[in-house]
Amino acid sequence: MFGVGGGTSSYLETQEAAVILLWGSNAREAHPIFFHHVLKALDSGSRMYVIDPRRTSSAKFADRWLGISVGADIALANAMGREIIAAGLHDRDFIARATSGFEAYEAHVESFTLDYAAEATGVPAAAVRDLAHAYASAPTAQILWTLGITEHHNAVDNVVSLCNLALLTGHVGRRGSGLCPLRGQNNVQGGGDMGAIPNRFPGFQDLTDPAVRARFEAAWGAKLNGVPGKHLTLMFEAMAAGELRACYVIGENPADSEADVEHARRLMADLDILVVQDIFMTRTAEMADVVLPASLAWAESEGTVTSSERRVQRVRAAVPPPGQARHDIDILADLARRLGFDWGRPSAEDLWEEVRSLSPMHAGMSWERLEASGGLQWPCRSDDDPGTEFLHGWLWADDLCGHDPAPFSITHHAPPAEQLSDEFPLRLTTGRALDSYNTGVQSRGYVSPIRYGDAIDVNPSDAAGLGVADGERVLVSSPRGSVEMKVRIQPDIPAGLAFTTFHFPELVDTNVLTNDEWDRRSGTSEFKAAAIRIAKLDSGNGSEHDPARTLERARDRATA
């Protein structure tokens with residue numbers, strides 16, 4: 001919508017915001033360091049509204065929790081938009097100067113009444129009204145979201161529905177108000193910034209633009225393909241079609257992390273060659289024909305990372321890589337040489353200087369400046385540019401600084417792709433736990449007194465209806481497969497909803513259950529909404545494996 005893929009605001013602005021909407025994010029557990037900024041805001045008198053199907057640990061800090069039905073985010077956002085307009089709380093001057101498409105948006109959301117929203121979302125009409133008025137009336141406000149918004153079959157529509165609210169109220173493009181997707185790892189933002197996107201060069205420059213491509217061709221001394229590549233989901237579809245026969249996986253564990261993971265494993269097993277470059281012997285690495293052991297980015301390597309607030313920071317090696325592990329850039333340079341291209345032995349600084357020369361948004365971030373500072377926020381276009389605390393200030397200029405107006409988007413409420421049925425009557429959603437990380441490769445090698453996530457959380461009334469007790473092992477099934485796991489009875493989860501993590505695939509192969517229906521614009525699968533059933537296990541009919549021994553083997557493998 002705004003032309004670049006980064007959060008519009010700084011962490012300090014979240015700390016100082018009058019109102020915070022934490023939407024589809026359990027930041028207390030998934031982003032615990034960032035959540036300290038939220039806590040500082042609350043200590044200073046900020047109000048926080050949490051929109052989440054579960055009453056999460058984050059929601060317990062909120063002024064109000066809105067327990068939305070899974071997949072109803074567009075209905076809620078559109079109903080908020082309608083209420084803001086009906087109450088006359090929209091910023092008419094900002095809309096007229098800085099946006100386009102308002103009339104069509106206003107007409108579209110007219111049917112999203114408070115009563116409709118209550119029915120579609122499960123959130124009481126009064127709570128929707130309170131949320132809309134609080135957000136629109138606040139002097140400053142931040143909307144923060146994570147995978148609860150993006151891991152749906154309509155992920156992009158979810159995001160632009162939130163952007164509509166910011167355009168409607170002028171809560172974007174000025175200090176204190178903004179839109180911030182919280183990244184799940186310390187350099188997810190940096191990966192995108194550096195061009196790890198099928199249609200972008202570093203700095204979000206368009207691969208299909210001949211002028212942009214010409215600059216990179218001149219720097220790299222090679223003719224470049226202007227046809228966008230495939231994102232991860234399309235790669236798996238290409239494997240299924242027999243069009244992709246080789247795969248080079250760097251720092252990713254799709255054999256555990258993909259939705260409908262058994263299908264993904266079958267496709268990878270059928271490749272002609274699979275190469276994995278990683279720091280641990282993941283399940284994906286175990287499937288590989290070639291494994292290239294790499295150094296640990298945050299402790300053994302030199303370089304940079306970029307945070308959710310677009311801050312580029314230096315990373316410095318504290319210890320050397322163990323054994324035969326090598327730095328990623330050395331592995332790639334050697335591979336290039338064997339393919340006939342001599343890149344020399346570039347250092348992290350050499351590569352960063354190349355980035356600066358080709359990406360205008362990074363041009364002012366010299367290695368020396370990064371060394372001397374706590375980091376710089378892009379865009380930073382010259383050596384005397386202090387960096388940019390918040391984005392899109394042009395929205396408040398009379399002439400928009402030559403930009404086109406920001407468009408409102410028309411979005412339609414659509415429930416999860418996989419509907420509940422008599423056979424699969426419960427909704428499963430997945431997420432993270434505080435002490436664990438993604439597929440557990442980096443976190444399951446140690447013991448934690450607060451660890452959880454290898455059980456399925458259910459409401460007490462659902463447990464009673466199923467006749468299962470806390471801690472009892474059950475069989476959980478979806479249209480794609482079944483896994484055994486323990487029940488954890490949780491009063492903070494609504495009836496009809498179940499929750500688990502994906503941190504312990506050796507114990508509970510959760511992604512056997514998840515739905516691989518995906519958003520056609522983002523490529524993201526609908527991890528947040530699968531239909532399941534839970535069945536009691538007959539005595540003596542459970543799994544023969546010992547969960548404690550399986551976890552012990554997983555820890556041994558992680559530290560090997």
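**Helix 15 and its cover**

I began with what packs over helix 15 in this predicted model, and found that the cover of its buried residues includes helix 13 (232-240), helix 14 (254-257) and helix 16 (283-287). The buried residues of helix 15 itself, which spans residues 261-269, are Val261, Ala264, Arg265, Leu267 and Met268. Looking down the axis of helix 15, I noted that these buried residues fall within an arc of 160°, so they line one face of the helix. I set this beside the general rule that an α-helix has 3.6 residues a turn, so residues three or four places apart point the same way. On the other side of helix 15 I found Arg266 and Ala269, both exposed.

**Thr169 and Tyr135**

I next turned to Thr169, which lies in helix 10 (residues 155-169), and asked whether this residue is buried or exposed. Thr169 has a relative accessible area of 6%, and because buried means under 20%, I entered Thr169 as buried. Leaving out residues up to four places away in sequence, I listed Ile84, Asp91, Tyr135 and Ala136 as the residues that Thr169 touches.

From there I followed Tyr135, whose contacts beyond four places in sequence are Val19, Leu21, Met80, Ile84, Ala141, Ile143, Leu165, Ala166, Thr169 and His171. Tyr135 also belongs to the largest nonpolar core, a set of 52 residues in which Leu21, Trp23, Met80, Tyr135 and Leu165 touch the most other members. I then recorded a second, separate core of 21 residues, with Ile456, Ala463, Val476 and Val483 among them.

**Cysteines**

How many disulfides does the structure hold? I counted zero. For Cys180, which is in no disulfide, the nearest cysteine sulfur is that of Cys163, 11 Å away. I also checked accessibility, and found Cys180 buried at 6% relative accessibility, with Cys247 likewise counting as buried at 13%.

**The sheet of strands 12, 13 and 14**

Last, I traced an open sheet formed by three strands in the order 12-13-14, with antiparallel pairing. Which strands stand at the edges? They are strand 12 (303-306) and strand 14 (376-377), each of which has a single partner strand, so one side of each is left without a neighbour in the sheet. I looked further at the pairing of strand 13 (residues 311-315) with strand 14, which is antiparallel and runs over two bridges. For Val312, I noted Leu376 in strand 14 as the bridge partner.

Note on methods: Residues are numbered from 1 along each chain as its sequence is written. This is a predicted model: local features need pLDDT of at least 70, side-chain atom pairs count only at pLDDT 80 or more; totals for chains, interfaces and linings use all residues. Side-chain values use heavy atoms; hydrogens and water are left out. Helices (H or I, at least four residues) and strands (E, at least two) are DSSP runs, numbered from the N terminus. Buried means under 20% relative accessible area, exposed over 50%, partly exposed in between (1.4 Å probe, protein chains only). Contact means heavy atoms within 4.5 Å. A disulfide is a pair of cysteine sulfur atoms within 2.5 Å. The arc is that of the directions from the helix axis to the C-beta atoms. A nonpolar core is a set of buried Ala, Val, Leu, Ile, Met, Phe, Trp, Tyr and Cys residues joined through side-chain atoms within 4.5 Å. Two strands pair if DSSP finds at least two bridges between them.
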